[in-house]
Amino acid sequence: MRKLAITVALASLSFSASAETIQERAAPCLACHGERGSSETENTPSLGGQQAPYALIQLFMFREKLRTFEPMNEMAKPLTDDDLRAFSDFIASLPKPAAPKDAGDAARMARGEGLAKQNRCNTCHNTDYSGKDNVPRIANQREDYLAKTLAEYKDNSRHGYDATMADVMGAIPKEQIADLAYYVAHVR
Amino acid sequence: MMRHSSASRSLLLAGAFFGAFTLSAIAQQPASPPAAGAAPTAAPLPPGSPMIGRPDNEAAAKLAPVAPPPLPSAPDKLPLAKLKVPAGFNIEVYAAGMANARSLAQGDKGTVFVGSRLVDKVYAIVNKDGKRSVKVIASGLYRPNGVAFKDGTLYIAELSQVSKIDKIEDVLDNPPKPTVIYDKLPKDEAHGWKFIAIGPDNKLYVPVGQPGNNVLHDDAHGQIRRMNLDGSGAEVYALGVRNSVGFDWNPENKQMYFTDNGRDWLSETVPEDELNRVTKAGEDFGAPFCYQGNIIDQELGWGKNCKDYTAPVGLMGPHTAALGMRFYTGSQFPKAYKNAIFIARHGSWNKSQKQGGDVVVVKLNKDGTVKSMEPFLTGFLEDNKYVGRPVDVMLLKDGSMLVSDDWNGAVYRITYGKPKVAAQ
């Protein structure tokens, strides 16, 4: 199902004409990332409310293959610099993902909160985890995507734009990733 | 390792600073516990965390490393009109459109090579038949920050290896892939990118930063190595180096001078970045135990004494990120600049009021110590925000100076005297 969605997405992106509105051009993106920017696809991030400078960096990295994920590398390949700017501004304008309806398991939330505070995630990601500039919004991001991303920063299989997250994750044991991701995904 | 709450850390900080610094430095220390209503004090940070030392307050929570925009600025969007140089000097755009332009090196035939840190490319600014153009001569590299040139060969330093392209200026249109000459280097991201240069001893100098903000490490980090130009015979040349991203040799006595960046989160005012001088191989410059020659680290410095390490010859300002530097050996600038050091300060992030983001000129006394430091190129910092960030400086053969700007992906040229129309 997901493969099909990506194939459809790729096909539609490559035929997009510049006369289309950004909403129309972004339809293939939202096929995986969620109609209103809140993803319901496994391991695929919500984009809504993302910081535009961060989104621009990621789209640039996909286009330049500095960040490797083939479907995104293909999607970004034909994009011009102005396209990258237009898509990142559009992403930022989508509504931010909502907190899950359930408050989350109290014990896991407490553990996760302790870890997030201990590691000062709020230094760069902001006190409400909404991010700032080149630092992404992580509040209510998909839990599976957060856990996957933290693990990839930890073993450096995902190269950050700069060294910051590799540096931070170097000091955080991999056993703590699940609780951190759970907390950030559920934070209110 | 000793651990303590942030409140007791503040006390320790105040104690450690007492007597060592001016009253204003003490006054800047976090004095109060977290504001009422804040969550209970968090658990101590894990060892090696880059956040160690960060106080739990609102001002500190506003600070984060500043990343440049990924797309280079269009030539007409560069901040040229905002940049200021001393009377009699001129500044112009030399080349633009090079995402994340960082370290600079000059070829024998006038090509300027430009490394990058956040993208995978090395660029060449080519001067041919009076025309200047930019080419990508290598891509798919990993954080290729460092470039050096000698006898026709370009040396490129990635995060964990050094490679070369022979006769590069003859093959600019179709350069071969770089050949690796040295890869016995750690792979840490933190302070893993490298500045490189070739010394008067014809050796290649390669720094290996400390793998974190303020960390203990093994024998493979925190140093500057030197090696033969084929990568053989590597040895440690300087120790106690936290993160040097610039060095050059005094043309008068061939001593190496290098910049070194001080740790984050100690305070708004200290430690200052260092300008160091190596007088003999094997000297230890103190990090992470002693910073700026007179601060014993609050955490790792217990049982250590600054007297056991070589003190810097100059202090470059707190968190200012003093990076690329060159002695001025040209003849175009006035005599007062002869053999002075031009140093690019990339600019701070770990400071409420940003500092640096300029090129300064350091003049030396006859004995090689620092006589003065003054601003030379300013204007990159506007309303506490960067409109550009200088990384490296380099002299062209005519004695004019190039300055790279990784924020805008551009290189500027500074000349002295009546402006000449630059060749296009």
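Me: Before we look at chain B, what does "buried" mean here?

Reply: A residue is called buried when its relative accessible area is under 20%, and exposed when that area is over 50%. Keep in mind that this is a predicted model. In chain B, 60% of the 424 residues are buried.

Me: And how much accessible surface does chain B have?

Reply: The accessible surface of chain B is about 16,900 Å². Carbon and sulfur atoms account for 53% of that area.

Me: Which helices and strands should I look for in chain B, and how many are there?

Reply: Chain B contains three helices and 29 strands. You can also ask how far along the sequence its contacts reach. Take the contacts in chain B between residues at least 6 apart in sequence: 56% of them join residues at least 24 apart.

Me: Let's turn to a helix in chain A. How do I read the span of α5?

Reply: The idea is to compare the distance between the end C-alpha atoms with the span expected at 1.5 Å a residue. Helix α5 of chain A covers residues 81-93, which is 13 residues. From first C-alpha to last, α5(A) reaches 19 Å, close to the expected 18 Å.

Me: Which residues of α5(A) are buried?

Reply: They are A:D83, A:L84, A:F87, A:S88, A:F90 and A:I91. These residues lie on the same side of α5(A), because they cover an arc of only 160° around the axis. On the other side of α5(A), you will find A:D82 and A:S93 exposed.

Me: Now the cysteines. How many disulfides does the structure hold?

Reply: To call a pair a disulfide, the two cysteine sulfur atoms must be within 2.5 Å. Over all chains, the structure holds one disulfide. It joins B:C290 to B:C306, with 2.1 Å from S to S. The link of B:C290 and B:C306 is right-handed, with 105° about the S-S bond.

Me: What does the pair B:C290 and B:C306 tie together?

Reply: B:C290 sits in strand β18 of chain B, while B:C306 is in the loop between β19 and β20 of chain B, so the pair ties together parts that are 16 residues apart in sequence. Both B:C290 and B:C306 are buried.

Me: Why is there no bond at A:C29 or A:C124?

Reply: For A:C29, the closest cysteine sulfur is in A:C32, 9.0 Å away, which is too far for a bond. For A:C124, the closest is in A:C121 at 9.2 Å, again too far for a bond. A:C124 has 9% relative accessibility, so A:C124 counts as buried.

Notes:
Residues are numbered from 1 along each chain as its sequence is written. Chains are lettered from A and ligands numbered from 1 in the order in which they are written. This is a predicted model: local features need pLDDT of at least 70, side-chain atom pairs count only at pLDDT 80 or more; totals for chains, interfaces and linings use all residues. Side-chain values use heavy atoms; hydrogens and water are left out. Helices (H or I, at least four residues) and strands (E, at least two) are DSSP runs, numbered from the N terminus. Buried means under 20% relative accessible area, exposed over 50%, partly exposed in between (1.4 Å probe, protein chains only). Contact means heavy atoms within 4.5 Å. Accessible areas come from the Shrake-Rupley method with a 1.4 Å probe; for residues, only the protein chains shown count as cover. The expected span of a helix is 1.5 Å times one less than its number of residues. The arc is that of the directions from the helix axis to the C-beta atoms.
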